[in-house]
Amino acid sequence: MVHVDVHSLTQPVGILRLAAIIVTCVTFSLVASAGYVPSPYWAWCMFTWCFCFFFTLLIVVLEFSTFSRKLPFAWDDFTTAFAVLASIMCLPAAIIYPVFFSCDVCPRQIAASVVAWACLGVYVGEVTLTRLRPGGQIRGFLSTLPGLMKMLEVFLACLIFTSLEKRQYEGTPELQWCVAVFSLCFISAILIILLTVAQLSSRVPFFDKIVIVYDISAAVMYITAVVIWPLYSFPNNGRPPNCGYLCSWDKLVMITVMTVLNFCVYVLDCVYSVRIVFLARSE
């Protein structure tokens with residue numbers, strides 16, 4: 001039987017989640033009232049705050065109604081993973097919005113920029129509290145280092161997709177290969193996360209080894225993108241003098257940087273997974 005749990009709102013994590021609901025709502029309300037900006041980065045910032053608001057509210061409602069105890073997956077793992085993901089998403093949003101969409105005479109944008117950093121602080125606080133469990137125990141795949149790296153891989157891929165424009169790679173097979181790499185690795189990482197959250201990974205034969213094969217393949221494919229993307233994007237393509245903020249050339253740079261970062265994450269993920277699966281079993 002479902003009943004209400006007031007303690008879920010009065011404990012420190014519950015208070016932080018209520019604060020997160022308020023600050024994310026205030027942030028996207030201020031940004032929306034300041035006016036729409038036809039930019040994928042503006043859309044990404046708005047999506048970040050709306051996404052965090054909705055899922056934080058959902059988590060609070062499910063815990064308050066105790067319905068979370070009846071869900072067929074590891075609830076603590078999910079909430080910890082969401083807090084980490086929200087922190088990762090809020091960090092670039094708190095940087096991008098004031099840099100590109102605020103000014104000295106824009107009071108709403110300035111207020112939104114300040115509250116955006118408050119959003120980041122609240123979610124970082126939640127991550128700190130949820131990971132400080134008695135005995136230092138970390139439960140669930142998404143609360144471990146490999147799980148966190150999987151979420152980081154997905155997040156960096158989202159930033160790449162935000163910067164992609166069809167004209168950047170249209171008619172160039174080499175750049176189309178890079179887009180295919182971003183897409184395949186993104187879909188595979190999402191699938192791994194869903195299988196682990198739904199606790200279905202144990203039903204997949206040799207799941208750990210499949211993940212390692214995926215990590216190695218993704219690292220190899222990403223290193224081709226690290227080389228190919230700047231090689232075919234920047235020759236004879238300097239930054240236009242009238243580029244301004246957020247022009248196509250800047251987006252090419254953003255994609256290049258995010259590709260390198262994601263390659264590094266995949267390499268670390270691969271090394272760590274191999275160490276855990278093979279070395280731990282040999283001891």
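**Exercise 1. Classify the exposure of C50, then decide which cysteines form a disulfide.**

At 31% relative accessibility, C50 counts as partly exposed, a class that lies between buried (under 20% relative accessible area) and exposed (over 50%), computed with a 1.4 Å probe on protein chains only. The model is predicted, so local features need pLDDT of at least 70 and side-chain atom pairs count only at pLDDT 80 or more, while totals for chains, interfaces and linings use all residues. Residues are numbered from 1 along each chain as its sequence is written, and side-chain values use heavy atoms, with hydrogens and water left out.

Next, apply the disulfide criterion, a pair of cysteine sulfur atoms within 2.5 Å: C103 is joined to C106 with an S to S distance of 1.7 Å. The torsion about their S-S bond is about 75°, so this disulfide is right-handed. C50 is in no disulfide, the nearest cysteine sulfur, that of C25, being 8.9 Å away.

**Exercise 2. Locate the salt bridges of R17 and K150 in the chain, and state the burial of each partner.**

Begin with the criterion, a side-chain nitrogen of Lys or Arg within 4 Å of a carboxyl oxygen of Asp or Glu. R17 and E63 meet it at 2.8 Å, N to O. R17 lies in helix α2 (residues 12-34) and E63 in helix α3 (residues 40-64), so the pair ties together parts 46 residues apart in sequence, where helices are DSSP runs (H or I, at least four residues) numbered from the N terminus. R17 is buried at 4%, as is E63 at 14%.

K150 pairs with D269 at 2.4 Å between the closest N and O atoms. This pair links helix α6 (residues 145-163) to helix α10 (residues 248-282), 119 residues apart, and both K150 and D269 are buried.

Definitions and conventions. Helices (H or I, at least four residues) and strands (E, at least two) are DSSP runs, numbered from the N terminus.
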